[in-house]
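Hi,

Here is the structure I promised to pass on. Have a look at it first, and my notes follow underneath.

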Amino acid sequence: KNSCLLLILDRRDDPVTPLLNQWTYTAMIHEVLNIHHNRIRLPNSQDAELEEVILSSEDEFYRRARHMEFGELGESLKSEVDEFQKQESASFFAGGGKAKVSSLQDIQRFMDNYPEFKRQQTTVARHVALTSELSRVVDERNVWELSELEQELACTENLTEGFNRVETMIESQTLKMEDKIRLVMLYALRYELEGEREIRFLERSLKDQGISETSLRSISLLKRYAGSSVRGNDIFNKKTVVGAAKTMVKKHFEGIQGVQNVLTRHEPLLSSRLAALKTGGAGALRDSEFKVMGNSSNFKPQKVIVFMVGGATYAEARCVDTFNKENAGKGMKVVLGSNTIHNTSSFLEDLTKLDPQS
């Protein structure tokens with residue numbers, strides 16, 4: 001039976017997703033603090049035991065919260081802290097251990113529950129430390145404003161307004177050079193053909209600010225690696241009349257209704273790929289982009305193994321997790337694999353490896 005489909009995707013078809021700041025828990029941690037073998041370094045921690053934090057699937061709170069948006073995460077963590085404080089106040093050691101113990105059985109009951117108490121204490125401390133550091137860095141780097149502009153570049157077509165906003169922001173003395181590069185890259189990807197003059201101006205601005213030659217070349221490397229002539233799809237809906245109309249209609253309705261969250265408007269290309277598979281099976285994948293091996297191209301697989309050549313992201317992991325939850329018991333499950341999990345830094349580092357002068 002044709003029950004399983006292996007879908008091989010190329011990172012260059014969606015170079016936008018790894019360039020965006022993310023606002024879900026694991027993706028934020030990886031973008032801001034960097035996850036290496038499930039470990040995160042917190043050198044600013046006041047507690048020596050929390051200078052290195054390990055993310056584990058055995059952590060019940062993390063299993064629930066790993067793809068939560070940052071605002072929702074705060075509420076969930078507050079509930080976790082409140083629950084821990086209730087248990088702590090009811091513990092044997094509350095009030096010096098005098099008021100809560102009337103027999104040896106009370107002591108034994110506490111000792112039986114003590115490992116769970118310590119586990120919960122460690123969990124709460126770990127996630128409070130992580131979210132506190134995330135909040136500190138987000139405020140320090142002004143990620144709120146930066147991310148709003150990133151989303152605008154990824155989702156909205158306006159060459160002149162986009163240029164003016166990018167030009168203004170990259171002149172900021174407080175913005176990290178990596179963040180300036182990502183903004184120019186996003187602009188260069190969207191306006192690669194019609195915005196050549198503006199892109200050259202932005203590159204000169206970065207050069208005047210002392211950007212290294214290697215970093216500056218990474219902008220043209222990105223266009224060579226994942227420019228419009230290389231990508232197998234129209235991620236900005238610009239190549240067809242229908243695609244352009246979709247962009248205009250979307251912008252119109254956003255103007256009327258408002259956007260629920262301007263920081264999470266963009267969806268990875270993988271999301272539309274999975275939606276097409278769910279609706280039309282393998283036959284929904286365009287022949288110009290995919291070559292289907294086997295006798296049938298119209299079957300609806302029960303299991304889809306997606307392998308992203310060139311690195312996946314935690315945004316795409318969340319996309320798969322959401323798809324699986326929404327389609328649980330409906331006949332299709334997705335597994336995501338790749339050779340690495342990118343954040344912006346690792347994606348830019350991979351780009352520099354394509355530079356013959358490096």
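How many disulfides does a search of the whole structure find? Zero. Keep in mind that this is a predicted model. Two cysteines are still worth a glance while you have the viewer open: Cys4 is partly exposed, with a relative accessible area of 42%, whereas Cys319 is buried at 12%.

Now the sheet. Three strands form an open sheet in the order 1-4-6, and the pairing is parallel. Strand 1 and strand 6 (333–338) sit at the edges with a single partner strand each, so one side of each has no neighbour in the sheet. On average, neighbouring strands here are turned by 20° against each other, ignoring direction. Strand 4 and strand 6 run parallel and are joined by six bridges. If you want a spot to zoom in on, Phe307 has Gly337 in strand 6 as its bridge partner.

Phe307 turns up again on the surface. Together with Leu6, Ile8, Ile305, Val309 and Val335, Phe307 makes a nonpolar surface patch of about 480 Å². Which elements give two or more residues to this nonpolar patch? They are strand 1 (4–10) and strand 4 (303–309). Strand 4 provides the largest share, three residues. Ile305 is found in strand 4 and counts as partly exposed, at 33% relative accessibility.

Just before strand 1 comes a segment that holds Ser3. Ser3 is partly exposed, with a relative accessible area of 29%. Ser3 and Lys300 are 297 residues apart in sequence, yet their C-alpha atoms are 7.5 Å apart in space.

On to the charges. Side chains of opposite charge can pair when their charged atoms come close. The structure holds 24 salt bridges, and I picked out three for you.

- Glu52 and Arg39: their side chains meet at 2.9 Å, N to O. Glu52 belongs to strand 3 (residues 52–54) and Arg39 to strand 2 (residues 39–41), so this pair ties together parts that are 13 residues apart in sequence. Glu52 is partly exposed at 37%, and Arg39 is partly exposed at 38%.
- Arg182 and Asp179: the closest N and O atoms of this salt bridge are 3.0 Å apart. Both residues are in helix 7 (residues 177–190), three residues apart, which means about one helical turn separates them. Arg182 is buried, with a relative accessible area of 0%, and Asp179 is buried too, at 1%.
- Lys325 and Asp321: this salt bridge has an N to O distance of 3.2 Å. The two are four residues apart in helix 12 (residues 314–326), so here too about one helical turn lies between them. Is each end buried or exposed? Lys325 is exposed at 59%, but Asp321 is buried at 16%.

The helix 7 pair has company as well: Arg182 and Asp179 belong to a network of salt bridges that also links Glu31, Arg141, Glu150 and Glu178. That network is where I would point the viewer next, after the sheet.

Cheers

Methods. Residues numbered from 1 in each chain as written. Predicted model: local features only at pLDDT ≥ 70, side-chain atom pairs only at ≥ 80, totals over all residues. Heavy atoms only, no water. Disulfide = S-S within 2.5 Å. Buried < 20%, exposed > 50% of the residue type's maximum accessible area, 1.4 Å probe, protein only. Patch = residues over 30% accessible without salt bridge, like charges linked within 9 Å, V, L, I, M, F, W, Y side chains within 5 Å. Areas by Shrake-Rupley, 256 points an atom, 1.4 Å probe, with all protein chains shown as cover. Salt bridge = Lys/Arg side-chain N within 4 Å of Asp/Glu carboxyl O. Pairing = 2+ DSSP bridges. Axes fitted to C-alpha atoms, helices over the stretch in contact; angles between N-to-C directions.
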